[in-house]
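I sat down with this structure and a fresh notebook page. Here is what I looked up, entry by entry, for anyone at the bench who wants to follow along.

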Protein chains: 2
Amino acid sequence: METQPSLKVCRASLLVGIALATVLGTSVNARAQALKDVQTPDTPLVLKAQGSFFVGGEKVEQSQGELGDLGPGGRITVNQMYVRYMVPQGGDGNVPVVMVHGATLTGKSWETTPDGRMGWDEYFVRKGHPVYVPDQVGRGRSGFNQAIFNNARTGSAPPNSLPRWIRFSDEVVWPNFRFGSKPGAPYPDSQFPVTAVDELSKQGVPDVSFGGVPTPNPTLKALSDLATQLNGAVLMGHSQSGSFPLAAALLNPAAAKGLVLVEPGRCPTDYTTEQIKVLAGVPTLIVFGDHRDTPTGIGIRPSWQLSFESCQELIGRIKNAGGQAEMLAPPERGIRGNSHMIMQDKNNLQIADLILQWIDARVSKGSGEKK
Amino acid sequence: METQPSLKVCRASLLVGIALATVLGTSVNARAQALKDVQTPDTPLVLKAQGSFFVGGEKVEQSQGELGDLGPGGRITVNQMYVRYMVPQGGDGNVPVVMVHGATLTGKSWETTPDGRMGWDEYFVRKGHPVYVPDQVGRGRSGFNQAIFNNARTGSAPPNSLPRWIRFSDEVVWPNFRFGSKPGAPYPDSQFPVTAVDELSKQGVPDVSFGGVPTPNPTLKALSDLATQLNGAVLMGHSQSGSFPLAAALLNPAAAKGLVLVEPGRCPTDYTTEQIKVLAGVPTLIVFGDHRDTPTGIGIRPSWQLSFESCQELIGRIKNAGGQAEMLAPPERGIRGNSHMIMQDKNNLQIADLILQWIDARVSKGSGEKK
């Protein structure tokens, strides 16, 4: 039984597939044996602790139909945030780092890269930092609130009230994530491991946060609460979540020891003077890669250069208020070709080192994991 | 903006909440500070490798509307299976163990328990086994195919064609997972950490596999392919996925070094003589806890005793064909009170030891992680 007959499986049309593969520079067969590409480090990873837990969540009462009609109605938890963590042996006293993923992705973004190299999660741990990787509320292991979809199915909610689920096509990812200006044509200096772009495609999950999670997004308070529970943390966001660290810092500035905004979709330009004063108390680093003028193919953001410029404006405001905010643009240091997925780029550890140096220089010691 | 107005947030009705809390024996406030309960082991965990990757997946072509209308239409990957892994230092040559979760859950099932103790994932690693924890196709970090939901939203698919999303209410979990015969009333000998039952509630995610993933379920082939890529593995399933190891073994018996069925929803009773002959070549252990006669409150499975009996029947057939299949029922050994969530029970490591002893005794050496 093919439950979703509207889908056209490309495997069924091999000739079209071969033509596409030529255009896209990728394999038609998505069943690549990815495990074989996963690399083993030279030295073991020694962890004081690892595991997972949740932050936030609230109880709601739902009907039998809203719960999918397998069992009776009752209460469930929604809007909780899943967090996986690793604490290095001997890392006590080093500031924890929380890494939040972007749109249509999960915490997987920070793990093993598409071509099997070490992700930032493990690298930061090996550099002594406890690392916490959430899935945004509404996605991955955090789940989402399914009631409205079941209500539409049974006719108790109008279909046009459904929030939409976003995914990016493999084709639009090329310009939007700046691997190249069009599918299958990487920039000569591209740092993204484009031979493994099909593995990035597998990281994509439907994203309901464009209308399907409460406002304000519960992830913001969950991040602030996580930083509080950690007795202070560096908050790192990426793309869609690039500005989340700012919002979390405004909820509890004392717990935000440092903010790292990696390729944020935009930096808010409408903060009040009072808010800027608060943000001026928190060291902030903003990171943008190369080829920012590439037309993205996404209407709401014609180019990442616009995002870059909104962040330059924010940096200016924070600095004028006496704060420490700075831009890390690798191209300005002669490091060319970094993409939007900079944590997965071939030189991802080189970029990580620059961020780690900034943390060492700017973020106060004495914060640490939970006591 | 509350995007799902049909939901009644219990926090808003405190008096009702207090009454419910009395009935349920749980906190009204789901915003428990779970991190504080997470325990740190006495000795460090030394890993040769850890990370994540995908197995399987196929390309489909989808329209702009099917992709949520943020960017243009194109190809995406669906039906891939996310896998997180940990390989212990010095574990070479020990058979890997793959742990698959049950309905409305994710790989989180095997991680840190709701009350903050070590999960089976880490415990099996500490006992020398490489451990691989997938999210079933259609759930968690594996994602799902969102096209039909977006089509219903825009009117290009009828709402009644939508697959349903399942979650279990907190109330029905009590009898269905056999913490007690009714909500808030644990069995005197219950092994489940019922004071942390709200943390289990947070592990729940919507489950679309009742009609929303292809048939046969892509997870089955992905598990078989994973075992093949690992050069042999013990496949462990739980509840909904309890019988998945059997199905995966039938796809490639050589890669299935052992099968552990933890509280399977049912054991198939319609295998052919030929299939039983194949399964007779693979050591199989089936695990069931206590209080199996409890009425579940779920119509399709009145009690877990029925599941137990279907598995007794399968064990009989495999043994008659000369195979090694056995039941591990802790109550028969004087270990009382184990629940359906046996990997999270207070004596979870005691049960794990029994399974590890079985692996040592029954599963051939010489299989191992990828070369």
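**Entry 1: a helix and its neighbours**

I began with the buried residues of α6 in chain A, which pack against β2 (45-62), β3 (74-88), β4 (97-99), β5 (131-134), β8 (233-238) and α7 (244-251) of chain A. For my own use: helices (H or I, at least four residues) and strands (E, at least two) are DSSP runs, numbered from the N terminus. Buried means under 20% relative accessible area, exposed over 50%, and partly exposed in between, with a 1.4 Å probe and protein chains only. A contact means heavy atoms within 4.5 Å.

A note on ground rules: this is a predicted model, where local features need pLDDT of at least 70 and side-chain atom pairs count only at pLDDT 80 or more, while totals for chains, interfaces and linings use all residues. Residues are numbered from 1 along each chain as its sequence is written, chains are lettered from A and ligands numbered from 1 in the order in which they are written, and side-chain values use heavy atoms, with hydrogens and water left out.

**Entry 2: α6 from end to end**

I checked the length next. Helix α6 of chain A covers residues 218-229, and its 12 residues reach 16 Å from first C-alpha to last, close to the 16 Å expected at 1.5 Å a residue. That expected span is 1.5 Å times one less than the number of residues.

How many of the residues of α6 in chain A are buried? I found 10 of the 12, so I wrote the helix down as mostly covered under the cut-off of 20%. Among them are A:P218, A:L220, A:L223, A:D225 and A:Q229.

I picked A:S224 in α6 of chain A for a closer look. A:S224 counts as buried because its relative accessibility is 5%. Leaving out residues up to four places away in sequence, A:S224 touches A:A248, A:L251 and A:N252.

At the start of the helix, a side-chain oxygen of A:N217 comes to within 2.9 Å of the backbone nitrogen of A:T219. I count that under the polar contact rule: a pair of N or O atoms within 3.5 Å, where within protein one must be able to donate a hydrogen and the other to accept it, and residues adjacent in sequence count only if both atoms are side-chain atoms.

**Entry 3: the backbone on either side**

Which peptide bond is cis, with omega about 0°? In chain A, I found that it joins A:T215 and A:P216. A:P216 sits in the loop between α5 (197-202) and α6 of chain A. In chain B, a cis bond joins B:T215 and B:P216, again with omega about 0°.

After α6 of chain A comes A:N231, which has a positive phi of about 65° although it is not a glycine. I reminded myself that most residues other than glycine have a negative phi, and most peptide bonds are trans. A:N231 is in the loop between α6 and β8 of chain A, and A:N231 counts as partly exposed because its relative accessibility is 41%. For B:N231, phi is near 65° too.

**Entry 4: chain A as a whole**

I stepped back to chain A, which has 10 helices and 11 strands. Of its 371 residues, 67% count as buried. Among contacts between residues at least 6 apart in sequence, 76% join residues at least 24 apart.

I also looked at A:E274 in helix α8 (residues 273-279) of chain A. A:E274 counts as exposed because its relative accessibility is 51%. Its C-alpha is 9.9 Å from that of A:A321, 47 residues apart along the chain.

**Entry 5: the two chains together**

I laid chain B on chain A: the RMSD is 0.0 Å, by a turn of 180° and a shift of 0.0 Å along the axis. That is the relation of a two-fold axis. Copies are superposed by least squares on the C-alpha atoms of residues with pLDDT of at least 70 in both. The same surface serves both copies, as 99% of the contact residues of chain B recur in chain A.

The contact takes 120 residues from chain B and 119 from chain A. Between them about 10500 Å² is buried, with 53% from carbon and sulfur atoms; this is the accessible area (1.4 Å probe) that two parts lose on being put together, summed over both. In chain B, I noted that B:L70, B:R75 and B:R141 lose the most area to chain A, together 9% of what that side buries.
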